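Reader: I am a first-year student, and I should like to study one part of this protein closely. Could you please take me through its interior and then show me how that part relates to the rest?

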Amino acid sequence: MRIVATAEEMRELGVELAGLLRPGDLAVLSGPLGAGKTTLVQGIADGLKVRGPITSPTFVIARVHPSLSGGPALVHADAYRLGGDLEVDDLDLDASLEESVTVVEWGEGLVEGLADDRLEISIERGESSEERTVRFRGIGARWEGIV
């Protein structure tokens, strides 16, 4: 668990997480509207050195951000508007899963079948307007002892 006081600290946490992520990793973000999910992804993108800008993909559902440094691409998806497993399948996220880092906002209960190993990140509002509580849960052998 991590307490994050500002949006800048959320981006810094994303940069830190990027140092742990590697091709084939799936991160599933949950939290209410305005919790900071996209801000965290902006930090992950900075850490992975991918092409931006990183904005909420709510209306386009998914974006691929290629690496600018020879590292993995970032697939940034938003499952908020998806109605179920069939619509997730239509996104074909598993096609690029092995060579990319895939981060799905609002993916809880929808994308767990994409990978046996995943990092679940939940963000909750805190005491102040900007403060957030970020919780990490690693699923599978890939995340044992890491989070």
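Author: What follows is a close look at the nonpolar core, and then at the residues and pairs around it. Please keep in mind that this is a predicted model.

Let us begin with the overall setting. The protein has three helices and seven strands, and along the sequence these follow the pattern β-α-β-α-β-β-α-β-β-β. Of its 147 residues, 46% count as buried. Among the contacts with a separation of 6 or more, 60% are between residues 24 or more positions apart.

The largest nonpolar core contains 24 residues, and those that touch the most other members are Leu40, Ile44, Leu74, Val103 and Ile121. Two or more residues of this core come from each of α1 (7-18), β2 (26-30), α2 (37-48), β5 (100-105) and β6 (118-125). Helix α2 gives the largest share, five residues.

Which residues does Val103 touch, leaving aside those up to four places away in sequence? They are Ala27, Leu29, Val41, Ile44, Leu74, Val75, His76 and Ala77. Besides the largest core there is a second, separate core of eight residues, and Ala77, Ala79, Val104 and Leu114 are among them.

Ile54 offers another view of the interior. This residue is placed in the loop between α2 and β3 (62-65). Is Ile54 buried or exposed? Its relative accessibility is 9%, and because buried means under 20%, Ile54 counts as buried. When residues up to four places away in sequence are not counted, Ile54 touches Thr38, Val41, Gln42, Ala45, His65, Leu74 and His76. Of these, Leu74 and His76 are also touched by Val103, as is Val41. One partner of Ile54, His65, is 11 residues away in sequence, and the two C-alpha atoms are 8.3 Å apart in space.

A buried residue may also carry a charged side chain, as the next example shows. Asp25 is in the loop between α1 and β2, and it counts as buried, with a relative accessibility of 4%. What lies around the side chain of Asp25? One of its polar atoms is 2.8 Å from the backbone nitrogen of Arg22. The side chain of Asp25 also makes a polar contact, at 2.7 Å, with the side chain of Arg142.

Let us now turn from the interior to the paired charges. Side chains of opposite charge can pair when their charged atoms come close. The structure holds six salt bridges. In one of them, the side chains of Arg2 and Glu16 meet at 2.7 Å, N to O. Arg2 belongs to strand β1 (residues 2-4) and Glu16 to helix α1, so this pair ties together parts that are 14 residues apart in sequence. Arg2 is partly exposed, with a relative accessible area of 31%, and Glu16 is partly exposed as well, at 46%.

Another salt bridge joins the side chains of Glu8 and Arg11, at 3.6 Å from N to O. Both residues lie in helix α1, three residues apart, which is about one turn of the helix. Glu8 has a relative accessible area of 43% and is partly exposed; Arg11, at 27%, also counts as partly exposed.

Arg135 forms a salt bridge with Glu124, and the closest N and O atoms are 3.0 Å apart. This pair links distant parts of the chain, for Arg135 is in strand β7 and Glu124 is in strand β6, 11 residues apart. Both are partly exposed: the relative accessible area is 35% for Arg135 and 37% for Glu124. In addition, Arg118, Glu120 and Arg137 are linked in a network of salt bridges.

Finally, we may consider the surface. The protein exposes about 7,300 Å², of which carbon and sulfur atoms supply 48%. Leu20, Ile146 and Val147 form a nonpolar patch there, with about 220 Å² of accessible area together. Val147 is in the segment after β7 (132-139), and at 44% relative accessibility it counts as partly exposed. Val147 may thus be set beside Ile54, which counts as buried at 9%.

Definitions and conventions: Residues are numbered from 1 along each chain as its sequence is written. This is a predicted model: local features need pLDDT of at least 70, side-chain atom pairs count only at pLDDT 80 or more; totals for chains, interfaces and linings use all residues. Side-chain values use heavy atoms; hydrogens and water are left out. A nonpolar core is a set of buried Ala, Val, Leu, Ile, Met, Phe, Trp, Tyr and Cys residues joined through side-chain atoms within 4.5 Å. Buried means under 20% relative accessible area, exposed over 50%, partly exposed in between (1.4 Å probe, protein chains only). Helices (H or I, at least four residues) and strands (E, at least two) are DSSP runs, numbered from the N terminus. Contact means heavy atoms within 4.5 Å. A polar contact is a pair of N or O atoms within 3.5 Å; within protein, one must be able to donate a hydrogen and the other to accept it, and residues adjacent in sequence count only if both atoms are side-chain atoms. Patches are made of residues with over 30% relative accessible area and no salt bridge: like charges are joined within 9 Å, nonpolar side chains (Val, Leu, Ile, Met, Phe, Trp, Tyr) within 5 Å. Accessible areas come from the Shrake-Rupley method with a 1.4 Å probe; for residues, only the protein chains shown count as cover. A salt bridge is a side-chain nitrogen of Lys or Arg within 4 Å of a carboxyl oxygen of Asp or Glu.
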